[in-house]
Amino acid sequence: MNRTLRIPALALAILGCAPFGAAHAQNDKGKAIYDKVCVACHSAGIAGAPKLGDAKAWEPRIKAGIDALYESALKGKAPAMPAKGGATDVPDADIKAAVDYMVAAAKDGAPAAAATAPAGPAAQAAPATPTAPRPAALSFNRLLKPASKRNPPPPEDGIHDPDNDGTHALQPPLQVFESLPRSNAGNRVDWVKALDNNLIGPRWDRTDPAAAPVVMDLNIVREVKGSMPDVVYPHKQHTAWLDCSNCHPQIFIPQKGANQISMAAILLGQKCGVCHGKVAFPVSECRICHSKKKNVMPVKNAQAN
Ligand code: HEC
Ligand code: HEC
Ligand code: HEC
Ligand code: HEC
């Protein structure tokens, strides 16, 4: 991949240092959070996100008052703005600083593209993302529902037919999930752990009860340009559930590096997003995929600072 990048600024953002020489950086924290988390959607306007510096898109929102914007950023806003942009471990005050930064950029009418270029994941993805209508893929995304509404009984889940008696005979998910290991996202079950610990025993073949999966232990590391940790794609956890043909060759050519994968595509329900956010843990759980720390070298610079 031939993406260009300005590393030093990013390295500083990772290390959480204030960039030296930033003349009018009144809101370094806000910018750092924006560059790290919010940029994934707010740079290119993924799924209808108001773009950074787009005064027109922000005007009606700013009119609603800063508290309303804080609320949306902290708690999320349907249909596609996740609580804290998915970075639930970031303190409230820092998220608010990111909102302040975005509001200021809108009021400045800042040259959006130029301002965000350094971290620009979505900016790079932009050409592939026309101002698309809201992707239907996202309507399934459980992360956008409050925790209390995530696992309704089958007749109320919008998936099963409430007029079918069989639907009422199904066990409600919450009752089933009670004994399974917890996760913070999706339907709140850590399915990988549940399978590893033999707490569930999904049947591999519809017709042959004795059939077992061919589990392949091969990790593929995808280097991520930008401040996010690299992505480790694990074959093991996937092939424990899924036959190779679920992914190869239709979703992914089986060759390391042969596939173009981007967050924009994933958010639109392609590539990893064919499953993640629908039948596997959602895209809000950045760190489960972005799990490999980069070997960042500029420690030297930081000390010299
Ligand atoms: C996964 C994509 C995504 C990420 C990541 C994301 N946003 Fe958003 N954001 C959206 C979308 C989509 C909207 C538009 C929601 C709507 O009003 O339809 C939005 C709207 C907003 C709004 C306006 C809300 C309103 O009430 O009008 C604010 C403020 C905001 N985002 C802040 C943030 C901040 C701060 C971050 C980073 C911490 C962030 N967003 C990360 C997708 C995202
Ligand atoms: C959930 C999706 C998924 C499933 C299921 C899956 N793979 Fe893959 N596979 C991938 C991805 C993603 C890559 C990396 C492609 C890239 O880097 O562009 C990959 C890469 C590969 C590669 C290339 C390795 C290399 O070093 O070049 C081989 C070979 C492969 N897979 C074989 C298999 C086999 C055999 C199975 C079944 C036992 C399987 N895959 C199941 C997603 C999957
Ligand atoms: C299901 C796995 C998965 C999840 C969850 C995930 N990512 Fe990614 N992300 C990827 C993959 C795969 C790439 C592409 C890496 C490459 O270039 O090969 C990527 C790339 C990126 C990039 C680089 C620019 C781009 O668009 O390609 C950024 C920035 C990024 N992700 C941010 C995030 C943030 C922020 C979150 C959480 C809101 C997140 N990701 C959640 C898999 C994931
Ligand atoms: C065909 C469906 C499918 C595709 C495509 C897919 N996944 Fe998954 N993935 C799953 C399922 C199912 C699980 C196990 C259930 C869960 O964790 O929610 C899983 C689990 C994982 C895990 C393991 C989490 C853990 O707890 O150990 C990671 C990491 C992951 N996926 C990353 C990716 C990345 C990165 C891509 C794209 C390169 C991708 N997946 C593509 C279905 C898929």
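**Entry 1: the iron of ligand 4**

I looked up which protein atoms hold the iron atom of ligand 4, and found His 238 (NE2) and His 276 (NE2) as its protein donors, lying 1.9 to 2.0 Å from it. Donors here are N, O and S atoms within 2.8 Å of the metal (3.2 Å for Na, K and Ca), and water is not among the atoms, so sites may look incomplete. The model is predicted, so local features need pLDDT of at least 70 and side-chain atom pairs count only at pLDDT 80 or more, while totals for chains, interfaces and linings use all residues. Residues are numbered from 1 along each chain as its sequence is written, chains are lettered from A and ligands numbered from 1 in the order in which they are written, and side-chain values use heavy atoms, with hydrogens and water left out.

Why is the arrangement around the iron atom of ligand 4 octahedral? I noted that its six donor atoms subtend angles of 86 to 179°, and that makes it octahedral. For the term, six donors count as octahedral if opposite donors are over 155 degrees apart and all others between 65 and 115.

The two histidines link distant parts of the chain, 38 residues apart. His 238 sits in helix 11 (residues 235-239), and His 276 in the loop between helix 12 (263-267) and helix 13 (286-289). Helices (H or I, at least four residues) and strands (E, at least two) are DSSP runs, numbered from the N terminus. I also checked His 276 for exposure: its relative accessible area is 15%, so it is buried. Buried means under 20% relative accessible area, exposed over 50%, and partly exposed in between (1.4 Å probe, protein chains only).

**Entry 2: the iron of ligand 2**

Next I turned to the iron atom of ligand 2, whose protein donors are His 235 (NE2) and His 248 (NE2), at 1.9 to 2.0 Å from it. Six donor atoms surround this iron atom with angles of 86 to 179°, which makes the arrangement octahedral. His 235 belongs to helix 11, whereas His 248 lies in the loop between helix 11 and helix 12, 13 residues apart. Are these two buried or partly exposed? I read His 235 as buried, because its relative accessibility is 9%. His 248 has a relative accessible area of 25%, so it is partly exposed.

I spotted something else at His 248: a cis peptide bond joins it to Pro 249, with omega about 0°. Pro 249 is in the loop between helix 11 and helix 12.

**Entry 3: the shell around ligand 2**

How many residues surround ligand 2? I found 22, and the closest are His 235, Cys 244, Cys 247, His 248 and Asn 259. To be near, a residue must have a heavy atom within 4 Å of the molecule.

Sorted by class, the shell holds twelve nonpolar, seven polar and three charged residues. Ala, Val, Leu, Ile, Met, Phe, Trp, Tyr, Cys and Pro count as nonpolar, Asp, Glu, Lys and Arg as charged, and the others, Gly among them, as polar. Strand 1 (219-222) and helix 11 each give at least two residues to the shell, and the largest share, three residues, comes from helix 11.

I then listed some polar contacts (N or O atoms paired within 3.5 Å). A polar side-chain atom of His 248 is 2.7 Å from a nitrogen atom of ligand 2. A polar backbone atom of Gln 255 is 3.3 Å from an oxygen atom of ligand 2. For Ala 258, a backbone N or O atom lies 3.2 Å from an oxygen atom of ligand 2.

**Entry 4: aromatic pairs**

My search of the whole structure gave two aromatic pairs. Tyr 34 and Tyr 101 form a tilted one, 5.6 Å centre to centre with 50° between the planes. Rings of Phe, Tyr and Trp (its six-membered ring) pair if their centres lie within 6.5 Å; planes under 30 degrees apart count as stacked, over 60 as edge-to-face and the rest as tilted. Tyr 34 is in helix 2 (residues 28-42) and Tyr 101 in helix 5 (residues 92-108), 67 residues apart. Tyr 34 counts as buried at 0% relative accessibility, and Tyr 101 counts as buried at 14%.

The rings of Phe 177 and Trp 191 have centres 5.5 Å apart and planes at 85°, so I logged the pair as edge-to-face.

Terms used:
Four donors count as tetrahedral if all angles lie between 85 and 135 degrees; four count as square planar and six as octahedral if opposite donors are over 155 degrees apart and all others between 65 and 115; anything else is irregular. A polar contact is a pair of N or O atoms within 3.5 Å; within protein, one must be able to donate a hydrogen and the other to accept it, and residues adjacent in sequence count only if both atoms are side-chain atoms.
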